[in-house]
Amino acid sequence: MLEIAVTRNTRPGNIPAADNLGFGHHFADHMFVMDYETGKGWHNPSIIPYDEFCIYPSAMVLHYGQAIFEGMKAFRTEKNEITLFRTNDYLNRFNRSAEILCIPQVDTKVVREGLIQLIQLEKEWVPDKFGTSLYIRPFIFATDPYVGVKVSDTYKLHIILSPSGAYYAGGFDPVSIKVEDKYVRAVHGGLGEAKTPANYAASLRAQVEAKKQGFTQVLWLDAVERRYIEEVGTMNIFFKINGELITPALTGSILGGITRRTVLELAKQWGIKATERTITIDEVYAANEKGLLEEVFGSGTAAVISPVGELSWKGQKIVINGNKTGPLAQKLFDHVTGLQYGKVKDTLGWVETVARI
Ligand code: COI
């Protein structure tokens, strides 16, 4: 077992009740940290109190945004076991984002071990109500004190934990989505595939305008022709058209979601034709016109499976499945959460128990 120094928090906080958590507001008492320096590599893995930290005002991340993050969850089962879901897939994606942002690769075994030891220490912070979880946020940022543009030589990695409820205030209720035709999120050859703050910064203006117009999120189209569907701000998107499940192919400008992959793998297992390909917004509207658009839903770690009840493109609104959750979205939600909360037997090696209360 990797030796990880632990410094205990002498001012532990109160663990919030599971019934009114919201998403991302509360933080557990400890965090995992590690440092990087060129020539020395990643070093000093430790668990320390969750607290403010010091960086220089000139730290490169503040000026040029060299940073990445991940989003995972720990769940509490009815038997009070703490489970993680597809951890290795998330950590491999962390390294893919690192590659895109010129951040040195992490040893996923070390980060995994640090994460598991942190969860074991903070297991009481995993909320016990179905639909809640301990959201896990690993992130890395550049710390060189320098205001020229270059790749940093020093970095900090943190993993913080946030007991959370559903990402959308409406929980599993269908969401209303604006198809964005003015702003774009990412371009081919850019950062779109990486989990990096820049992609979320790029989404804010469209998100603010969409919220004012009464929408929950925006659906991004490609940056060149504004026709090809990409993803929603915090989730990948699926369309069920005439019995076939379709999601945009990973062409570099959208995030390769782990829940997206889970949906594709489950659909195939269940004998549903599931296709990754380019799909235009015109095709979706035409399918709706012909009565062939059966379901639309998003997939994401935070959002899980989120049914889409309405789409609005250039002021033209369509209502999907009577603004109700469709049977496939429901089945996927039940199965994925069933695996995570230990109600459905895992036959694919996706779930691991890391602690018991
Ligand atoms: C996740 O689903 O984990 C995400 O990263 C979305 C988020 C920005 C809250």
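**Entry 1: the second largest pocket**

I began with the second largest pocket and read off a volume of about 500 Å³. This is a predicted model, and I kept that in mind throughout. Which residues lie nearest the centre of this pocket? I found Gly-131, Gly-165, Ala-166, Tyr-167 and Val-304 there, out of a lining of 36 residues.

Next I looked up the elements behind that lining. Strands β5 (72–76) and β16 (304–313) and helix α8 (327–340) are the ones that give two or more residues each. Helix α8 supplies the largest share, with 4 residues. I then sorted the lining by class and noted 19 nonpolar, 14 polar and 3 charged residues.

**Entry 2: two domains**

I wanted to know how the second largest pocket sits relative to the domains, and I pulled up the division first. The protein splits into domain 1 (5–165 + 352–356) and domain 2 (175–325). The lining of the second largest pocket takes at least three residues from each of them.

How many residues of domain 1 are in contact with domain 2? I noted 19 from domain 1, in contact with 18 from domain 2. Over C-alpha atoms, the domain centres are 28 Å apart.

**Entry 3: the largest pocket**

I moved on to the largest pocket, which has a volume of about 750 Å³. Several elements each give two or more residues to its lining: β7 (133–142), β8 (154–164), α5 (204–212), β10 (217–221), α6 (258–269) and β15 (293–300). The lining holds 37 residues, and I marked Tyr-167, Tyr-200, Gly-233, Thr-234 and Ala-302 as those nearest the centre.

Tyr-167 caught my eye, since I had already written it down among the residues nearest the centre of the second largest pocket. By class, I noted 16 nonpolar, 16 polar and 5 charged residues in the lining of the largest pocket. Here too, domain 1 and domain 2 each contribute at least three residues.

**Entry 4: the enclosed space**

After the pockets I checked for cavities. With 30 Å³ as the lower limit, I found 1 cavity in the structure. The space inside the largest cavity comes to about 40 Å³. Which elements give two or more residues to its lining? They are β15 and β16, and β15 provides the largest share, 4 residues.

I wrote down part of the lining for a later look in the viewer, including Glu-294, Glu-295, Phe-297, Pro-307, Lys-324 and Ala-329. The lining divides into 6 nonpolar, 3 polar and 3 charged residues.

**Entry 5: the nonpolar cores**

I closed with the cores. In soluble globular proteins, nonpolar side chains tend to be buried together. The largest nonpolar core here has 40 residues, and Ile-119, Ile-136, Ile-140, Leu-157 and Ile-159 touch the most other members. Helix α3 (residues 108–121) gives the most to this core, 6 residues.

What does Ile-119 contact beyond its neighbours within four places in sequence? I listed Ala-74, Ile-82, Leu-134, Ile-136, Leu-161 and Val-354. Another core lies apart from the largest one; it has 26 residues, among them Tyr-168, Ile-177, Leu-219 and Leu-311.

Conventions: Residues are numbered from 1 along each chain as its sequence is written. This is a predicted model: local features need pLDDT of at least 70, side-chain atom pairs count only at pLDDT 80 or more; totals for chains, interfaces and linings use all residues. Side-chain values use heavy atoms; hydrogens and water are left out. On a 1 Å grid over the protein atoms alone, a cavity is a set of points where a 1.4 Å probe fits but cannot get out, and a pocket is an open set with protein on both sides within 12 Å along at least five of seven lines; lining residues have an atom within 4 Å of a point. Grid points are joined across faces, edges and corners, and a volume is the space filled by probe spheres set on the points. Ala, Val, Leu, Ile, Met, Phe, Trp, Tyr, Cys and Pro count as nonpolar, Asp, Glu, Lys and Arg as charged, and the others, Gly among them, as polar. Domain bounds come from an automatic or database domain assignment. A nonpolar core is a set of buried Ala, Val, Leu, Ile, Met, Phe, Trp, Tyr and Cys residues joined through side-chain atoms within 4.5 Å. Buried means under 20% relative accessible area, exposed over 50%, partly exposed in between (1.4 Å probe, protein chains only). Contact means heavy atoms within 4.5 Å.
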